[in-house]
Amino acid sequence: MQPLESKGKVPQDVVAIFHAAFHPTQGNVLDWSLKASEDLDLQHVEFSCLPSGLHLMERDVVYFTKGDHPGVCVFHRQHTTEAGHRGFRLSSLGILLAKSARPRPWLHVPALKELFQSIHSSLGDRDILVPVDDDWEPARQFFEERKVRRADLGGTGSWRGWDAELDSEDSALDTDPTIHLPHLLRILGPSSLTLYKHVLGRRRILIYTLPPVEAACILCQVAADMCYQFQATGVEGLTTIGEETPTRRAKGKSREGIRVLGMVTLSDLPKLDEESKSGRGWIACTTDAIFLEKPQCYDLLVDLRTSTPNTRPTFYVSKPTEQVHGRGPTHRLSVVRFTWSDAKLWTEIDRLLQLDAGEHHDVCCEPLSTNTDSKIRSSTSSWTDIWRVYEDVCVMCAGLWMGSWRSGPSPSCTPSAARPENWGSIRLEGEDDLTLRKNANPYVRNVGVGIEGRPSPDATSSSGRTLRGLARSSGMSIWTWTSGSAKTDGQPHAGSSSLSTSTSPRKDFAMITHVEAGRSARRTRQVLTTLALLQTFHANTVMMLERLAELLPQRRTQSRHEGPPDVVVLTPKDVASFELAPFSGLDARFLEWLADEYGGGVRITVRRGWRDLVGLVLGFG
């Protein structure tokens, strides 16, 4: 499973390439561009490529959209002595892709990074780090090789299912964000199901983060992928509610998945308003704190600043407020977590995550810098996080209440301590178990070398596997290799010195073989776990919409004699039939969102009076 470039297949879906930079007097500017069509508007794209706070980073990757075109850019901060730049020159090299069913800007990221490095390394020792016309020749070649030539994009933007996406010869797992779904769920915990409900309900979702922003952009795509299969393709066997003639495939108002906007800035407020009117829903991320004061612009806010070694990201829902004398804010933010009805689905998800927990040992994912840090981390345990204990207790109690409890709650998962420069930002590298192992000295790959990050295998660990076993596990024999390398110039080695000489390469070879085999097995488990999680979300979605298709016609017939024909009233017992919590306001709104999208013009209201709730508890229906 290698990227397309390594197989000679370069995706040809690029419609524009450009370079944005920060000018000391003009601000963000677009200083060079090349477009497939002059009708393509690149105005204000420089603000998406240079979001607030990115000057603190050496390099980063930003995903964004410009109109109907998804895009990606690589950012670099270069040291310079130029006047007015305060020691650094900030610039981004980005591309825009053609509109398609499944745009994949991440396929271009490795080559885009190499291109950026090639252009700026050619500047050499110039006093002014501004590329001239000849310096853009590699970018022109890049664009010519990857620009759009066919209306179908050569199949690059087509959708053939998750198996083809993640488990085929054309899969690009090194850059595909969907492969990080298990890690996203470990980071967010049961609250990830609140995000799932908002994605399925096509709500407006905003992720607030501090730089670096690549991980937050990836989280946007991964969250959208939880419901992409149903939103983009539907499912056979369901009928569209409200139509006299059943159809073979259920479709909502929108025929595409929730819109992934990526990075947005203040200049994108009109775009957010326009996207909100479409009813398709959207998910975006930002570094502009001003959005925290504009809750009317979104329905769910995920604040990644609160993601620390002992706490999860904080979720907020936007709620309307009453204005005093027509003044004041129209909406406010209210903290929301998960509901008790999420226990059953989370139990199944957690079971799948545990099946892939073989490599998730109780180790920390950050290098230990000082002895003080080591002592602090070695004394840390999962019980230090009171909110994790709260989540475990709630899941257990909810499971007992709903009859879905299988066993005691598993240890909570969390990333390790964040470095000071990454404080408040979310990162996709690292292990997730908060129970830390003592005397651990793991090594974590940086972003771009493998964003999932794992401690390097310990050659001296007592795993019970000998060097011979390690070599055999990769389909090779250590003795076959040594028989061909035990001689030099046709003469066998002799003596103690020759023994040590031959033993060292044997160990090195066995270790290399073990590492390669371990990486392959680990990636295979990661793919299988991701596919199983996606299928779990899809099955839960189908179950709820099948129940909606069954229940709405019945309640609609009853409502015709009691009220408006386009309003259906559901009882707490009806809500419970969806395996949702009848006492939860969030679950009631969730059903309203589903009916708005799949109800064929029917609007749902949930009766939640005290008589209804008492009747449900006492079994009166």
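Okay, let's start with one residue: Arg 525 is partly exposed, at a relative accessible area of 29%. On that scale, buried means under 20% relative accessible area, exposed means over 50%, and partly exposed is in between, using a 1.4 Å probe and protein chains only. Arg 525 sits in helix H15, and helices here are DSSP runs of H or I with at least four residues, while strands are runs of E with at least two, numbered from the N terminus. Its C-alpha atom is 8.9 Å from that of Leu 355, although the two are 170 residues apart along the chain.

Quick word on what we're looking at. It's a predicted model, so local features need pLDDT of at least 70 and side-chain atom pairs count only at pLDDT 80 or more, while totals for chains, interfaces and linings use all residues. Residues are numbered from 1 along each chain as its sequence is written, and side-chain values use heavy atoms, with hydrogens and water left out.

Now zoom out. The protein chain has 18 helices and 15 strands, and of its 621 residues, 51% are buried. Take the contacts (heavy atoms within 4.5 Å) between residues at least 6 apart in sequence: 68% of them join residues at least 24 apart.

So what's inside? In soluble globular proteins, nonpolar side chains tend to be buried together. A nonpolar core is a set of buried Ala, Val, Leu, Ile, Met, Phe, Trp, Tyr and Cys residues joined through side-chain atoms within 4.5 Å. The largest one here has 115 residues, and those touching the most other members include Ile 17, Leu 93 and Ile 349. Helix H15, residues 495–559, gives this core its largest share, eleven residues. Domain 1 (10–157) and domain 2 (159–235 + 254–358 + 519–551) each put in at least three residues, with the domain bounds coming from an automatic or database domain assignment. Leaving out residues up to four places away in sequence, Ile 349 touches Leu 185, Leu 193, Leu 533, Thr 536 and Phe 537. Apart from that core lies another, of eleven residues, including Ala 284 and Phe 291.

Next stop, strand S8. Why is S8 largely enclosed by the rest of the structure? Because five of its five residues are buried. Trp 282, Ala 284 and Thr 286 point one way, Ile 283 and Cys 285 point the other way, and all are buried.

And the neighbours? Strands count as paired if DSSP finds at least two bridges between them. Strand S6 (residues 204–208) runs parallel to S8, joined by five bridges, and Arg 204 has Trp 282 as its bridge partner. Strand S7 (residues 259–263) is also parallel to S8, with four bridges, and there Val 260 stands opposite Ile 283. S7, helix H9 (residues 269–278) and S8 make a right-handed β-α-β unit: with the strands pointing away from you, the path from the first strand over the helix to the second runs clockwise.

Stay with Thr 286 in S8 for a second. Its relative accessible area is 0%, and among the residues it touches are Ile 207, Tyr 208, Val 264 and Phe 291.

Last one: Arg 305, in the loop between strand S9 (300–303) and strand S10 (314–320). Arg 305 is partly exposed, at 34% relative accessibility. The C-alpha atoms of Arg 305 and Tyr 208 are separated by 7.5 Å, with their positions 97 residues apart along the chain.
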